Amino acid sequence: MIIDLFFAANQALATFAFFGVGVNLVLFLTRVMEQGNADAANTVSKWTGTVYLCSLLGAFLSDSYWGRYLTCMIFQVILVMGLVLLSLTSWLFLVKPAGCGDGEKHCVSASSTGTMMFYLSIYMVALGYGGHQPTLATLGVDQFDESNTKYKEKGAKGAFFAYFYVALNVGSLFSNTVLVYYEDIGHWTVGFWVSMGSALVGLLSYLCGSFHYRYIKASGNPIPRIAQVFVAACRKSRVPVDDEKKLYEVDGAQSAIKGSRKILHSEQFKCLDKAAVVTENDLSGPQNHWRLCTITQVEEAKCVIRMLPIWLCTIIYSVIFTQMASLFVEQGAVMDSKIGPNFRLPAASMSVFDIISVLVSTLLYRRVLVPLAGRLSGNPRGLTELQRMGVGLIIGLFAMVAAGVTEVERLKRSVPGEHTSTLSIFWQVPQYVLVGASEVFMYVGQLEFFNGQAPDGIKSFGSSLCMASISLGNYVSSLLVHMVMSITARGDDVGWIPENLNHGHMDRFYFLIAILTVVDFVVYVYFAKKYKCISVDENGNEPKKEEV
């Protein structure tokens with residue numbers, strides 16, 4: 001569809017702008033803002049966590065009040081404004097003298113005004129990018145009419161999510177190469193202005209398709225709807241469910257929730273079915289949604305409960321993913337990055353191998369693995385979403401092992417009395433490639449899974465769960481760093497992640513994450529096997545049950 005090009009272009013340009021700030025932020029904090037390695041890693045983790053936590057806010061406003069289109073537009077405007085402020089702050093207050101922060105020339109200490117404006121600007125960027133991302137993905141899926149069997153048979157939604165993620169990586173490819181190089185040699189302000197220009201062009205490309213989009217109206221605030229189910233079930237805790245066929249539901253093809261299809265009754269969490277039991281009090285007085293709920297409303301609450309354990313199990317993977325923007329960069333910064341006599345590869349540019357891995361893995365998955373797995377399993381989509389997410393966890397585990405092995409070798413070749421090592425930075429390639437391959441399975445699988453399993457009234461919320469997982473992963477990573485340093489940096493011990501990484505043991509931190517991933521995988525398999533998928537009534541015809 002031509003309209004999909006608008007979403008792909010917007011995604012690529014907005015991502016280019018965002019990663020123009022985020023991919024080198026840890027080095028900006030250490031070189032320009034004069035933070036230590038551990039503090040900078042924590043700052044980046046908290047900021048990145050806030051980016052993706054804002055996705056929940058964007059999803060809530062989209063589902064409840066503003067609708068997808070308006071939500072995307074407002075948050076993209078915030079993104080542009082944040083980048084303008086960041087560019088001005090860098091130019092007027094922070095990068096002084098010009099060209100400082102290149103790893104050799106030191107910047108003057110930032111003033112309190114410059115520091116305040118810097119944090120305000122990057123958190124505006126976090127709000128703008130985070131709030132618009134899940135809503136844009138859901139708006140893209142809205143363009144596919146699910147009543148059209150052509151889209152179902154061809155797996156159009158799955159293909160959209162895969163190429164949507166490819167567009168994200170194409171955008172980050174240019175920011176992780178061209179922009180990173182100029183920022184690394186001290187041209188920070190130029191990099192931020194270019195990011196602002198990209199975000200502005202992305203906003204204009206989004207507005208260009210306004211008259212061609214397929215719009216879905218907001219369904220109202222889901223929080224009271226879900227709360228009503230629990231309150232009504234508690235009020236009727238002693239009322240038996242004699243006949244499930246007599247549970248309350250409105251007549252007609254549409255549910256009582258605006259713009260939402262009916263959801264068929266499921267056998268899990270039967271205690272909540274009491275909310276849909278019709279009693280004499282319900283018949284005698286006016287309808288009270290805090291006493292009587294429809295089956296669809298009850299099943300909406302059940303869907304949220306069912307998705308929660310799966311979502312929680314993805315957080316440890318996000319801890320793996322967030323290392324690329326923090327510790328991987330710090331590790332690469334103290335390795336031999338020279339190519340020829342005059343060129344030094346920026347440590348943050350190594351993430352280009354992650355991006356290439358995503359692009360290649362997506363192509364191989366769509367063209368090779370899906371047909372092969374389809375023939376073996378009988379499922380035309382190849383692996384189910386839950387299976388793909390499990391594979392992503394395993395590949396992410398190997399990425400942490402590879403990072404740990406690289407750090408062991410780096411420490412063996414550390415230069416005494418220096419902050420560097422003679423080990424080539426290209427030893428990091430396997431860990432970046434493995435993380436990239438795992439993203440194709442984990443994050444694309446998450447996007448398709450949570451969007452497909454979320455009821456119609458909270459589709460943006462479903463898409464935002466993927467980004468919220470990244471958010472909590474960043475906060476958990478920050479917490480892990482803090483705990484590890486609190487435990488290991490005692491007395492004369494400098495800890496696992498000190499200012500001079502040659503004196504630390506960052507390899508042990510990577511292996512710790514690998515061990516946590518093994519535990520998380522076992523828990524994930526347990527809940528994935530127990531998961532029961534949503535079943536919706538397609539306009540009163542045969543029910544549609546998603547295969548996950």
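Trainee: How many positive and negative side chains does the chain have, and how far apart do the centres of the two sets lie?
Mentor: The model is a predicted one. Its chain carries 43 positive and 43 negative side chains, with the centres of the two sets 5 Å apart.

Trainee: What about secondary structure: how many helices and strands are there?
Mentor: The chain contains 17 helices and four strands. Its radius of gyration is 25 Å, close to the 24 Å that the globule rule gives for 548 residues, so the chain is as compact as a globular protein of that length.

Trainee: What box do the C-alpha atoms fill?
Mentor: Along the principal axes, the box is roughly 80 × 50 × 45 Å.

Trainee: What share of the residues counts as buried?
Mentor: Of the 548 residues, 59% are buried. The accessible surface comes to about 22600 Å², and carbon and sulfur atoms contribute 65% of that area.

Trainee: Turning to single residues, is Ser-90 buried or exposed?
Mentor: Ser-90 counts as buried because its relative accessible area is 1%, under the 20% cut-off. This residue belongs to helix H3.

Trainee: Which residues does Ser-90 touch, leaving out those up to four places away in sequence?
Mentor: Ser-90 is in contact with Val-95, Trp-188, Thr-189 and Phe-192.

Trainee: And where is Glu-104?
Mentor: Glu-104 sits in the loop between helix H3 (37-94) and helix H4 (112-142). Its relative accessibility is 67%, so Glu-104 counts as exposed.

Trainee: How far apart are Glu-104 and Tyr-215 in space?
Mentor: Their C-alpha atoms are 52 Å apart, and Glu-104 and Tyr-215 are separated by 111 residues in sequence.

Key: Residues are numbered from 1 along each chain as its sequence is written. This is a predicted model: local features need pLDDT of at least 70, side-chain atom pairs count only at pLDDT 80 or more; totals for chains, interfaces and linings use all residues. Side-chain values use heavy atoms; hydrogens and water are left out. Helices (H or I, at least four residues) and strands (E, at least two) are DSSP runs, numbered from the N terminus. Buried means under 20% relative accessible area, exposed over 50%, partly exposed in between (1.4 Å probe, protein chains only). Contact means heavy atoms within 4.5 Å. The radius of gyration is taken over C-alpha atoms; the globule rule is 2.2 Å times the number of residues to the power 0.38. Accessible areas come from the Shrake-Rupley method with a 1.4 Å probe; for residues, only the protein chains shown count as cover. Lys and Arg count as positive and Asp and Glu as negative; His and the chain ends are not counted. The place of a charge is taken as NZ of Lys, CZ of Arg, CG of Asp or CD of Glu.
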